[in-house]
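This briefing covers two topics, the sheet and the salt bridges. The sequence and the structure come next, and the notes follow them.

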Amino acid sequence: MSTLPRRQREGLLQGLLELIAALNRAGVITVARTCLTCRFFEPAAPSGSGVHRCRLLEKPLAAEDLRVDCPDHEPHVVET
């Protein structure tokens, strides 16, 4: 994997995390401790000009900082 360019690795990780989050929301995967399914995750602006942020760690998250299995994960609960 390290032979891929950095931008390609970042894109693959982002896509994988989005797929896991979608499968989790659909009930296909019941446990997902990724940044994208966490209540502390603050996504970057849709324009793509910003960076993601972790409100628990109080720090920006670059693409390579996004976690697939975070020990501090707390599920994002959508209120209905």
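The model contains an open sheet of 3 strands, in the order S1-S2-S3 and with antiparallel pairing. Its edge strands are S1 (41-42) and S3 (59-61), each of which pairs on one side only. The model is predicted. Besides the sheet, the structure holds 5 salt bridges, among them the pairs Glu10 with Arg6, Arg6 with Glu64 and Glu74 with Arg39.

**Sheet**

- Strand S2 covers residues 52-54 and pairs with S1 in the antiparallel sense, over 2 bridges.
- Phe41 has Cys54, in S2, as its bridge partner.
- In general, strands of a sheet pair through backbone hydrogen bonds, and the pairing is either parallel or antiparallel.

**Salt bridges around Arg6**

- Glu10 and Arg6 meet through their side chains in a salt bridge, with an N to O distance of 3.2 Å.
- Both residues belong to helix H1 (residues 6-25); because they are 4 residues apart there, about one helical turn separates them.
- Glu10 has a relative accessible area of 14% and is therefore buried, the cut-off being under 20%.
- Arg6 has a relative accessibility of 47% and counts as partly exposed.
- Arg6 also forms a salt bridge with Glu64, and the closest N and O atoms of this pair are 2.9 Å apart.
- This pair links distant parts of the chain: Arg6 is in helix H1 and Glu64 in the segment after S3, 58 residues apart.
- Glu64 counts as partly exposed, at 44% relative accessibility.

**Salt bridge between Glu74 and Arg39**

- In the salt bridge of Glu74 with Arg39, the closest N and O atoms are 2.7 Å apart.
- Glu74 is located in the segment after S3 and Arg39 in the loop between H1 and S1, so their salt bridge ties together parts that are 35 residues apart in sequence.
- Glu74 is partly exposed, with a relative accessible area of 34%.
- Arg39 is likewise partly exposed, with a relative accessible area of 41%.

**Network**

- Arg6, Glu10 and Glu64 are joined into one network by salt bridges that share partners.
- Within this network, Arg6 has a salt bridge to Glu10 and another to Glu64.

Note on methods. Residues numbered from 1 in each chain as written. Predicted model: local features only at pLDDT ≥ 70, side-chain atom pairs only at ≥ 80, totals over all residues. Heavy atoms only, no water. Pairing = 2+ DSSP bridges. Salt bridge = Lys/Arg side-chain N within 4 Å of Asp/Glu carboxyl O. Buried < 20%, exposed > 50% of the residue type's maximum accessible area, 1.4 Å probe, protein only.
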